[in-house]
Amino acid sequence: MSLINTQVQPFKAQAFLNGKFVEVSDESMKGKWSVVIFMPAAFTFNCPTEVEDAADNYAEFQKMGAEVYIVTTDTHFSHKVWHETSPAVGKARFPLVGDPTHTLSNAFGVHIPEAGLSLRGTFVIDPNGVIKTLEVHDNSIARDVKETLRKLKAAQYVASHPGEVCPAKWNEGAKTIAPSIDLVGKI
């Protein structure tokens with residue numbers, strides 16, 4: 001069963017954020033857009049490149065009223081050291097969430113039981129805690145956060161414009177479609 005249009009399951013987790021340990025939960029996500037980015041583990045090869053990509057684009061996420069959460073199966077203690085020792089991860093100004101019990105990776109369907117890690121999963125969640133987009137793929141393929149930003153913009157657009165849809169390759173400012181029977185077979 002797909003997680004699209006389902007509510008984020010209740011959770012509480014510890015995170016490292018701007019020099020402090022903080023608690024994040026499903027409740028702390030409500031009221032704003034959230035982007036949850038799962039990675040297999042800290043101190044790996046591809047993960048720091050993705051954290052840095054998210055950090056380099058964090059101002060854009062904030063401008064859109066969205067918070068970014070990076071989640072790995074490590075502890076928040078590991079994330080503190082990862083933040084302090086990796087120049088790429090050190091750029092992060094968003095929560096680095098620990099999931100050592102695999103509660104989150106299981107709830108989001110990205111847990112790899114035999115490895116104790118998670119797949120690379122990206123989820124856009126609306127202010128009501130409902131999952132609007134998801135992308136999950138093999139851990140050897142790092143993501144481009146610009147595509148996540150595009151999906152976030154599209155999700156925000158259709159949320160504020162009921163009755164419209166964003167076509168393929170839609171970008172902010174581009175034409176949308178108002179579905180109707182008159183369009184069937186004409187596009």
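Exposed here means over 50% relative accessible area, buried means under 20%, and partly exposed is anything in between. The model is a predicted one.

**View 1. A salt bridge in helix α3, and the network around it.** Lys-63 has a relative accessible area of 67%, so it counts as exposed. Its partner in a salt bridge is Glu-60, at 3.6 Å from N to O. Glu-60 comes out as partly exposed, at 22%. The two sit three residues apart in α3, which means about one helical turn between them. They don't act as a lone pair, either: Glu-60, Lys-63, Lys-153 and Glu-172 are linked in a network of salt bridges.

**View 2. Lys-80 and Glu-84 on helix α4.** Here's another pair within one helix: Lys-80 and Glu-84 are four residues apart in α4, about one turn. Their closest N and O atoms are 2.5 Å apart, making a salt bridge. Glu-84 is exposed at 52%, while Lys-80 is partly exposed at 30%. Across the whole structure, the search turns up eleven salt bridges.

**View 3. A buried salt bridge between β8 and α2.** Arg-120 and Glu-50 pair up with closest N and O atoms 2.5 Å apart. This one ties together distant parts of the chain, with Arg-120 in strand β8 and Glu-50 in helix α2, 70 residues apart. Both ends are buried: Arg-120 has a relative accessible area of 2%, and Glu-50 has 6%.

**View 4. Helix α2, wrapped up by its neighbours.** Seven of the ten residues of α2 (residues 47-56) are buried, so the rest of the structure largely encloses this helix. Among them are Cys-47, Pro-48, Val-51 and Asp-53. Cys-47 goes all the way down to 0% relative accessibility. The buried residues of α2 pack against α3, β4, α4, β8 and α6.

**View 5. Val-51 in the largest nonpolar core.** This core has 26 residues, and Val-51, Phe-61, Ile-70, Phe-94 and Leu-152 have the most contacts inside it. At least two core residues come from each of β3, α2, α3, β4 and α6. Beyond its neighbours within four places in sequence, Val-51 touches Met-39, Ile-70, Trp-82, Ala-88, Val-89, Ala-92 and Phe-94. Another core, of 18 residues, lies apart from this one and includes Val-8, Val-97, Val-110 and Ile-125.

**View 6. A nonpolar patch on the surface.** Ile-4, Leu-134 and Val-136 make a nonpolar surface patch of about 190 Å². Val-136 belongs to strand β9 (residues 131-137) and is partly exposed, at 36%.

Note on methods: Residues numbered from 1 in each chain as written. Predicted model: local features only at pLDDT ≥ 70, side-chain atom pairs only at ≥ 80, totals over all residues. Heavy atoms only, no water. Buried < 20%, exposed > 50% of the residue type's maximum accessible area, 1.4 Å probe, protein only. Patch = residues over 30% accessible without salt bridge, like charges linked within 9 Å, V, L, I, M, F, W, Y side chains within 5 Å. Areas by Shrake-Rupley, 256 points an atom, 1.4 Å probe, with all protein chains shown as cover. Salt bridge = Lys/Arg side-chain N within 4 Å of Asp/Glu carboxyl O. Contact = heavy atoms within 4.5 Å. Core = buried A, V, L, I, M, F, W, Y, C linked by side-chain atoms within 4.5 Å.
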